[in-house]
Amino acid sequence: MLFRSTARGIAKVKWREGAAVVEMEADHVPSPAELGKNGGQLVLWAIDQEKKAVNLGTVQVSGKKVKASVKAPFRIFGLLVTAETDANTKAPGSAVALESKLPLNPDLVLPVFRVEITLGS
């Protein structure tokens with residue numbers, strides 16, 4: 001089943017004490033069940049330019065809205081929200097609810113190009 005998300009959101013990123021502090025909010029986000037993960041949770045990932053993914057934890061869900069406030073270990077990274085049956089998984093699965101893009105210029109916070117990664121099942 002192909003699910004085309006209409007999710008939209010914003011992430012504010014500030015560099016503090018050697019880490020990126022991310023405040024993310026989005027709405028119209030599909031539930032894990034809509035993505036084929038009944039009983040699953042939505043997990044936020046940071047993905048760097050070398051395609052290394054770091055699990056930043058679960059997002060807070062309220063209806064179709066999600067939000068998170070986390071620290072990411074990268075200077076340049078994209079964000080990905082996936083539905084996972086195990087919130088502690090080490091690699092993002094293929095049930096993508098929301099994705100950002102990597103900034104082309106490291107001084108910008110604007111997403112300007114897509115990062116392609118191989119997702120687990």
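**Exercise 1. Locate K51 and describe its backbone.**

Step 1. Place the residue. K51 sits in the loop that links β3 and β4 (53-58). This is a predicted model.

Step 2. Read the backbone angle. K51 has a positive phi of about 70°, although it is not a glycine.

**Exercise 2. Find where H28 lies, give its phi, and decide whether it is buried, partly exposed or exposed.**

Step 1. H28 belongs to the loop between β2 (19-27) and β3 (41-48).

Step 2. Its phi is positive, about 60°, and H28 is not a glycine either.

Step 3. Now the accessibility. Buried means under 20% and exposed means over 50%. H28 has 49% relative accessibility, so it counts as partly exposed.

**Exercise 3. Describe the largest nonpolar core and the strands that supply it.**

Step 1. Count its members. The largest nonpolar core has 24 residues.

Step 2. Pick out its centre of contacts. M24, L42, L44 and F77 have the most contacts inside this core.

Step 3. Trace the strands. At least two core residues come from each of β2, β3, β6 (65-72), β7 (77-84) and β8 (96-99).

Step 4. Look for another core. A separate, second one has five residues, including V43, I47, L80 and A87.

Step 5. Recall the general trend. In soluble globular proteins, nonpolar side chains tend to be buried together.

**Exercise 4. List what L44 is in contact with, leaving aside neighbours within four places in sequence.**

Step 1. Set those neighbours aside. Among the contacts of L44 that remain are M24, V54, N55, L56, G57 and V59.

Step 2. Complete the list for L44 with A68, V70, L79, L80 and V81.

**Exercise 5. Find any salt bridge, and say which parts it ties together.**

Step 1. Search the whole structure. One salt bridge turns up.

Step 2. Name the partners. K64 pairs with E34, and their closest N and O atoms are 2.4 Å apart.

Step 3. Place both ends. K64 is in the loop between β5 (60-62) and β6, while E34 is in the loop between β2 and β3, so the pair ties together parts 30 residues apart in sequence.

Step 4. Check the accessibility. K64, at 38%, counts as partly exposed. E34 is partly exposed too, with a relative accessible area of 29%.

**Exercise 6. Look for aromatic pairs, then for a charge over a ring.**

Step 1. Search the whole structure for aromatic pairs. The result is zero.

Step 2. Turn to W15. The charged end of R75 sits over the ring of W15, 5.5 Å from the ring centre.

Technical notes. Residues numbered from 1 in each chain as written. Predicted model: local features only at pLDDT ≥ 70, side-chain atom pairs only at ≥ 80, totals over all residues. Heavy atoms only, no water. Helix = DSSP H or I, 4+ residues; strand = E, 2+ residues; numbered from the N terminus. Buried < 20%, exposed > 50% of the residue type's maximum accessible area, 1.4 Å probe, protein only. Core = buried A, V, L, I, M, F, W, Y, C linked by side-chain atoms within 4.5 Å. Contact = heavy atoms within 4.5 Å. Salt bridge = Lys/Arg side-chain N within 4 Å of Asp/Glu carboxyl O. Phe/Tyr/Trp six-rings, centres within 6.5 Å; stacked < 30°, edge-to-face > 60°. Lys NZ or Arg CZ within 6 Å of the ring centre and 35° of its normal.
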